[in-house]
Amino acid sequence: MYSYIEGTVQDKDTNLLVLDCGGVGYEIICTNTALSAAPPKGETMRVYTYLNVRQDAIELLGFVSKEEKNMFLKLTGVSGIGARSAISILSSMPLKDLTMAILSGDLGMLSRAPGVGKKTAQRIALELKDKVSAVDMPGDIDFADFNDNDTSPSSPVGEAILALESLGYTQHEAARAVSNAQKAGVPMDKADELVRAALRGIAKG
């Protein structure tokens with residue numbers, strides 16, 4: 001219903017942000033990232049929102065970016081993960097780390113989120129491993145390591161490199177990691193497998 005709300009910061013608390021928009025104060029339950037990004041009182045901020053309708057309440061949930069909101073929607077699609085649980089998971093670690101944990105199947109990292117046990121972490125990794133991608137990430141890519149292979153952004157190799165870039169790796173680091181995965185025998189036509197193998201390679205140093 002509400003894609004985003006842009007207004008003047010009136011107040012912020014532990015997990016709550018109040019934005020004044022045209023004389024109306026919106027209480028928004030936000031992730032830690034959104035709260036940390038909030039400017040001082042009186043300054044303007046845009047928060048990407050989701051209207052959560054419960055049996056006993058209607059509440060606005062807020063996110064710092066479209067990417068964070070999209071991850072929230074993916075998390076709530078996992079069986080057993082509600083809106084508040086998804087907010088808690090997003091607040092427990094940077095989006096980059098959460099994405100890396102899902103792509104690499106790192107159950108230990110996923111289990112660090114409050115209320116997330118091993119079984120829930122397994123469901124998150126299993127149900128989202130094929131849904132987390134970064135095909136819409138901007139930026140040019142250094143494809144020097146791939147010779148004549150198809151490395152356009154829409155190809156599996158290009159998608160894998162973009163996914164690694166979205167996690168904070170440089171273009172060179174991402175391209176090298178994917179190249180190493182390919183040399184290790186990972187199929188070039190499976191972006192998800194390339195990403196996971198590349199992350200394992202990076203972790204090993």
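**A buried arginine and the salt bridges of the model**

At 17% relative accessibility, R196 counts as buried (under 20% relative accessible area, with exposed meaning over 50% and partly exposed in between, for a 1.4 Å probe and protein chains only). The structure is a predicted model, in which local features need pLDDT of at least 70 and side-chain atom pairs count only at pLDDT 80 or more, while totals for chains, interfaces and linings use all residues. Residues are numbered from 1 along each chain as its sequence is written, and side-chain values use heavy atoms, with hydrogens and water left out.

R196 is a good place to start the tour. This arginine is found in helix 9 (helices, H or I of at least four residues, and strands, E of at least two, are DSSP runs numbered from the N terminus). Leaving aside residues up to four places away in sequence, R196 touches L103, S104 and K129, where contact means heavy atoms within 4.5 Å. Its side chain also meets that of D192 in a salt bridge, at 3.2 Å from N to O; the term requires a side-chain nitrogen of Lys or Arg within 4 Å of a carboxyl oxygen of Asp or Glu. Side chains of opposite charge can pair when their charged atoms come close.

Both partners belong to helix 9 (residues 191-204) and sit 4 residues apart, about one turn of the helix. An α-helix has 3.6 residues a turn, so residues three or four places apart point the same way. D192 is partly exposed, at 27% relative accessibility.

A second group of charged residues is also worth a look: salt bridges with shared partners join R54, D56, E59 and R84 into one network. Within this network, R54 pairs with D56, the closest N and O atoms lying 3.3 Å apart, and R54 also forms a salt bridge with E59, with a closest N to O distance of 3.2 Å. The accessibility of these residues covers each class: D56 is exposed at 61% relative accessible area, R54 is partly exposed at 35%, and E59 is buried at 9%. A search of the whole structure finds 5 salt bridges.

Helix 7 offers a view of the interior. Of the 11 residues in this helix (residues 156-166), 8 are buried, so helix 7 is largely enclosed by the rest of the structure. The buried residues are V157, G158, A160, I161, L162, A163, L164 and E165. Helix 7 is followed by G168, which has a positive phi near 110°.
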